[in-house]
Amino acid sequence: SGLEKIGAQSFANCTSVLELTIPSSVTVIGGNAFTRWGNDQTIRVPKKESELPEGWSKNWAGEGCDAQITYTA
């Protein structure tokens with residue numbers, strides 16, 4: 001809660017995290033923040049995919065991100 005920014009490559013190659021919820025307060029995510037996450041990992045986004053903030057990089061999830069990404073609003 002209160003987190004506003006996730007830097008580029010912040011969680012790249014982080015295989016120990018199985019599930020992560022991005023707080024709705026996040027307005028900026030750098031590129032490749034979740035590079036090389038596997039399909040056994042989950043990223044929950046509390047927004048609609050079509051309504052992501054302008055500050056989110058177009059490749060915020062990153063190259064090789066196979067995580068299950070769920071968008072909810």
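Start by selecting Cys-65 in this predicted model. Cys-65 is buried, at a relative accessible area of 16%. Keep Cys-65 on screen and add Cys-14. How far apart are the sulfurs of Cys-14 and Cys-65? The distance is 12 Å, and Cys-65 holds the cysteine sulfur closest to that of Cys-14. A disulfide needs two cysteine sulfur atoms within 2.5 Å, so 12 Å is too far for a bond. Seen from the other end, Cys-65 is in no disulfide either, with the sulfur of Cys-14 as its nearest cysteine sulfur. For the structure as a whole the count of disulfides is zero.

Clear the cysteines and turn to the aromatic rings. The model contains four aromatic pairs. For one of them, select Phe-34 and Trp-37. Their ring centres lie 5.2 Å apart and their planes meet at 90°, so this pair is edge-to-face. Colour the two residues by accessibility: Phe-34 is buried at 0% relative accessible area, and Trp-37 is buried at 1%.

Next, select Trp-56 and Trp-60. These two also form an aromatic pair, with 5.2 Å from centre to centre and 65° between the planes, which is again edge-to-face. Are these tryptophans buried or exposed? Trp-56 is buried, with a relative accessible area of 7%, and Trp-60 is buried too, at 6%.

Now add Phe-11 to the four residues already visited. Phe-11, Phe-34, Trp-37, Trp-56 and Trp-60 belong to one aromatic cluster, so defined by rings that pair when their centres lie within 6.5 Å.

Leave Trp-56 displayed and select Lys-47. Where does Lys-47 sit in the chain? Lys-47 lies in the loop that runs between strand 4 (42-45) and strand 5 (55-56). Lys-47 is buried, yet has no salt bridge. To check this in the viewer, add Glu-51: this is the nearest side chain of opposite charge, and it is 7.9 Å away. A salt bridge would need a side-chain nitrogen of Lys or Arg within 4 Å of a carboxyl oxygen.

What does the side chain of Lys-47 reach instead? Show the backbone of Ser-24: the Lys-47 side chain comes to its backbone oxygen at 3.2 Å.

For the last stop, show the surroundings of Lys-47. Leaving aside residues up to four places away in sequence, Lys-47 touches Ser-24, Val-26, Leu-52, Pro-53, Trp-56, Tyr-71, Thr-72 and Ala-73. Trp-56 in that list is also a member of the aromatic cluster.

Technical notes. Residues are numbered from 1 along each chain as its sequence is written. This is a predicted model: local features need pLDDT of at least 70, side-chain atom pairs count only at pLDDT 80 or more; totals for chains, interfaces and linings use all residues. Side-chain values use heavy atoms; hydrogens and water are left out. Buried means under 20% relative accessible area, exposed over 50%, partly exposed in between (1.4 Å probe, protein chains only). Rings of Phe, Tyr and Trp (its six-membered ring) pair if their centres lie within 6.5 Å; planes under 30 degrees apart count as stacked, over 60 as edge-to-face and the rest as tilted. Helices (H or I, at least four residues) and strands (E, at least two) are DSSP runs, numbered from the N terminus. Lys and Arg count as positive and Asp and Glu as negative; His and the chain ends are not counted. A polar contact is a pair of N or O atoms within 3.5 Å; within protein, one must be able to donate a hydrogen and the other to accept it, and residues adjacent in sequence count only if both atoms are side-chain atoms. Contact means heavy atoms within 4.5 Å.
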